[in-house]
Amino acid sequence: MKVLVPVKRVIDYNVKVRVKADGSGVDLANVKMSMNPFDEIAVEEAVRLKEAGKVDEVVAVSIGVKQCQETLRTALAMGADRAILVIATDDVHADIEPLAVAKILKGVIDEERPDLVLAGKQAIDNDMNATGQMLAALTGWSQGTFASEVELNGDTATVTREVDGGLQIIKLKMPSIITVDLRLNEPRYASLPNIMKAKKKPIVERTPSDFGVDITPRLTVINTAEPQTRSAGVLVGSVAELVEKLKEVGAV
C-alpha cells in the first residue's frame, strides 16, 4: 500500500506574525519557516502505519517555492521514502489556492496511484480547510475529515473524527482521502542519523504545467491588518459592581 502525504511550508507556529507596513500581506523577511503542524501529524501517522506493516511506501509532496525542499527533507527525515516538489512560483509571498493545489494533487495521484492520501485538515497560514475536500471531489474517492484516529483493515479505513457533538466513527472504502486533526498523534523529532539519510533520499521536481493546471489566483487580497489590541480589564470589588459593569457593556 502506498500513502501520499501533502506538506506545506508555512511560518513557524512559534513566530509572531508581522503585517507589512503597507497592508499588502504578511512580512516573511528573515522569518523562520517550517512544516504546517497538521501536515506533520499526517506524516507521522503515515510513518507509523508503515512501521506497523500496513503501508509499504510513504511519498511526501509539496507545492510552492523552491525552498519547500527544506519541508520535504523534514518529512524524509521523519520516515517518508521519497518526495515530489511541484515548483509553482518564485514568490515566497504567493499562496497557491486550495483548488489549484487539489488539481495538482489529482495529477500526482493519477501518476503515483496511491491507496491513501493523508493530509493536514488545514494550513495555519490561511486556515482554508478546503484542499482535502476538494481533492476528494476531484478524485471521486471517499473522504474522512478531522480524523483523531485512523485504523486500516484491508481495503477499508475506520476513521474516528471530531465533530461539534463529540466523536463520529465512519468506515471508508479505499482509496480514500483522510485529513487529520491535532489529537491523532504527537509527531516525532527527527534524529540526526535520519536527517543525514534524508539528504540522500530522492526529491523529484515538477511544475503545474506538467499536470495541465492553471494556478492563476481566483481571489484577491484587498488588505491585511493585525487584530485590534484588546483593552485592559477592569477590577471590580463586588458582585453587584460586576453586574453593573456587564450592563454597561451590554448597552454599548
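Residues 24 or more positions apart account for 73% of the contacts in the protein with a separation of 6 or more. The model is predicted. Six helices and 11 strands make up its secondary structure elements. The protein has 252 residues, of which 43% count as buried. The C-alpha trace spans about 65 × 45 × 40 Å along its principal axes.

One helix pair was examined in detail. Helix α3 covers residues 98-112, and helix α4 covers residues 131-139. Their axes come within 9 Å and cross at roughly 50°. That angle makes α3 oblique to α4. The crossing of the two helices is right-handed. On the α3 side, the contact involves Pro 98, Leu 99, Val 101, Ala 102, Lys 103, Leu 105, Lys 106 and Ile 109. On the α4 side, these residues meet Thr 131, Met 134, Leu 135, Leu 138 and Thr 139. By class, the residues of this contact divide into nine nonpolar, two polar and two charged. The charged class is represented by Lys 103 and Lys 106 of α3. The polar class is represented by Thr 131 and Thr 139 of α4.

The loop that follows α3 contains a backbone feature. Arg 113 is placed in the loop between α3 and β6 (116-120). Its phi is positive, about 55°, although Arg 113 is not a glycine. Arg 113 has a relative accessible area of 61%, so the residue is exposed. A positive phi also occurs at Asn 30, again in a residue other than glycine, with a value near 55°. Asn 30 sits in the loop between β2 (9-11) and β3 (33-35). Asn 30 counts as exposed because its relative accessibility is 85%.

Strand β5 supplies a buried position. The strand comprises residues 82-87 and includes Ala 83. Ala 83 has a relative accessibility of 1%, and therefore counts as buried. Beyond its neighbours within four places in sequence, Ala 83 is in contact with Ala 60, Leu 72, Leu 76, Pro 202, Ile 203 and Val 204. Each of these partners belongs to the nonpolar class. A separate distance places Ala 83 relative to Val 163. The two residues are 80 apart along the chain, and their C-alpha atoms are separated by 32 Å.

The loops on either side of β10 hold two further features. Before this strand, a cis peptide bond joins Met 174 and Pro 175. Omega of this bond is about 5°. Pro 175 lies in the loop between β9 (166-173) and β10. After the strand, Asn 185 occupies the loop between β10 (176-180) and α5 (192-198). Asn 185 is buried, because its relative accessible area of 11% falls under the 20% limit. Its side chain makes a polar contact with the side chain of Glu 45, at 3.0 Å. A polar atom of the Asn 185 side chain also lies 3.2 Å from the backbone oxygen of Ile 41. With neighbours within four places in sequence left aside, Asn 185 is in contact with Ile 41, Glu 44, Glu 45 and Arg 48. Ile 41 and Glu 45 thus appear both in this contact list and in the polar pairs described above.

Terms used. Residues are numbered from 1 along each chain as its sequence is written. This is a predicted model: local features need pLDDT of at least 70, side-chain atom pairs count only at pLDDT 80 or more; totals for chains, interfaces and linings use all residues. Side-chain values use heavy atoms; hydrogens and water are left out. Helices (H or I, at least four residues) and strands (E, at least two) are DSSP runs, numbered from the N terminus. Buried means under 20% relative accessible area, exposed over 50%, partly exposed in between (1.4 Å probe, protein chains only). A polar contact is a pair of N or O atoms within 3.5 Å; within protein, one must be able to donate a hydrogen and the other to accept it, and residues adjacent in sequence count only if both atoms are side-chain atoms. Contact means heavy atoms within 4.5 Å. Axes are lines fitted to C-alpha atoms, for helices over the stretch in contact, and angles run from 0 to 180 degrees between N-to-C directions. Angles under 35 degrees count as roughly parallel, over 145 as roughly antiparallel, 65 to 115 as roughly perpendicular and the rest as oblique. A crossing is left-handed if the near helix is turned anticlockwise from the far one by less than a right angle, and right-handed if clockwise.
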